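Colleague: Please take me through the labels attached to this model, setting each value against its cut-off before you conclude anything.

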Amino acid sequence: MNRSSISTSEITHAIRSAQVNSLYNGAAIPIGANILVSFFLALMEWRVVDHNNIIIWLALQSAIITSRIALIVSYQRVVKRGLMMDDRYWLKLFRASMVFTGLGFGLAGILIFPANNIAHQAFLSLAMAGMSAGAITAMSIDIFTLSLFS
């Protein structure tokens with residue numbers, strides 16, 4: 001195929017396909033970081049925040065993380081089987097999962113915010129900033145997805 005026979009829509013499709021592949025293939029490390037940060041955040045705040053709030057937040061985080069893992073496994077199965085894929089569909093699902101992930105960490109600022117403890121407030125802020133910094137690296141391939149997370 002020569003250069004003149006490639007349409008703009010084919011190029012757009014190829015770019016979107018590469019973006020989607022990159023987002024899904026690179027999701028394991030951010031999910032692992034999400035698990036670790038959630039665990040350590042709950043552990044650190046346990047003595048200074050209402051335990052019910054921590055349990056509720058951890059339950060929400062667990063549901064979000066489990067959903068993201070299920071989404072990634074589903075995507076990988078479709079790719080492995082060579083089934084026809086609609087990249088826009090998979091991109092929308094990934095973006096939705098990132099909205100929920102961002103909301104989950106945003107809720108940490110409400111549910112497990114230690115009202116009268118500056119050191120623990122700083123730790124919570126640092127954890128949230130760290131997750132945002134990690135998201136920049138993991139999702140830089142798609143700025144819109146990154147903006148949905150933050």
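Colleague: How many aromatic pairs does the structure hold, and what makes two rings a pair?
Modeller: The structure, which is a predicted model, holds 7 aromatic pairs, where rings of Phe, Tyr and Trp (its six-membered ring) pair if their centres lie within 6.5 Å, and planes under 30 degrees apart count as stacked, over 60 as edge-to-face and the rest as tilted.

Colleague: What makes the pair of Tyr24 and Tyr75 stacked?
Modeller: The ring centres of Tyr24 and Tyr75 are 4.0 Å apart and the planes stand at 15°, which is under the limit of 30 degrees, so the pair is stacked. Tyr24 belongs to helix H1 and Tyr75 to helix H3 (helices being DSSP runs of H or I, at least four residues, numbered from the N terminus), so parts 51 residues apart in sequence are tied together.

Colleague: Why is the pair of Tyr75 and Trp90 called edge-to-face?
Modeller: The planes of Tyr75 and Trp90 make an angle of 75°, with 5.5 Å from centre to centre, and an angle over 60 degrees is what earns that name. Tyr75 lies in helix H3 and Trp90 in helix H4, so this pair ties together parts 15 residues apart in sequence. Both residues are buried (under 20% relative accessible area, with exposed over 50% and partly exposed in between, for a 1.4 Å probe and protein chains only). Tyr24, Tyr75, Tyr89, Trp90 and Phe94 form one aromatic cluster.

Colleague: How do you know that Arg95 and Asp142 meet in a salt bridge?
Modeller: The N to O distance between the side chains of Arg95 and Asp142 is 3.0 Å, and the rule asks for a side-chain nitrogen of Lys or Arg within 4 Å of a carboxyl oxygen of Asp or Glu. The pair links distant parts of the chain, 47 residues apart, with Arg95 in helix H4 and Asp142 in the loop between H5 and H6. Asp142 has a relative accessible area of 6%, so Asp142 counts as buried.

Colleague: How many salt bridges does the rule give, and which residue is joined to Arg88?
Modeller: The count comes to 2 salt bridges, and Arg88 forms one with Asp86, their closest N and O atoms being 3.6 Å apart. Arg88, at 48% relative accessibility, counts as partly exposed, and Asp86 is also partly exposed, at 37%. Asp86 caps the N-terminal end of H4 as well, with a side-chain oxygen 3.2 Å from the backbone nitrogen of Arg88.

Colleague: How do you know that the span of helix H4 agrees with its 25 residues?
Modeller: The expected span is 1.5 Å times one less than the number of residues, so H4 (residues 87–111) should span 36 Å, and its end C-alpha atoms are 36 Å apart, which agrees.

Colleague: What makes Val49 buried, and which residues is Val49 in contact with?
Modeller: Val49 has a relative accessible area of 8%, so Val49 counts as buried, although Val49 lies in the loop between H2 and H3. Leaving aside neighbours within four places in sequence, Val49 is in contact (heavy atoms within 4.5 Å) with Ile54, Leu111, Ile112, Phe113 and Pro114.

Colleague: What should I keep in mind about numbering and confidence?
Modeller: Residues are numbered from 1 along each chain as its sequence is written, and side-chain values use heavy atoms, with hydrogens and water left out. In this predicted model, local features need pLDDT of at least 70 and side-chain atom pairs count only at pLDDT 80 or more, whereas totals for chains, interfaces and linings use all residues.

Methods:
Helices (H or I, at least four residues) and strands (E, at least two) are DSSP runs, numbered from the N terminus. A polar contact is a pair of N or O atoms within 3.5 Å; within protein, one must be able to donate a hydrogen and the other to accept it, and residues adjacent in sequence count only if both atoms are side-chain atoms.
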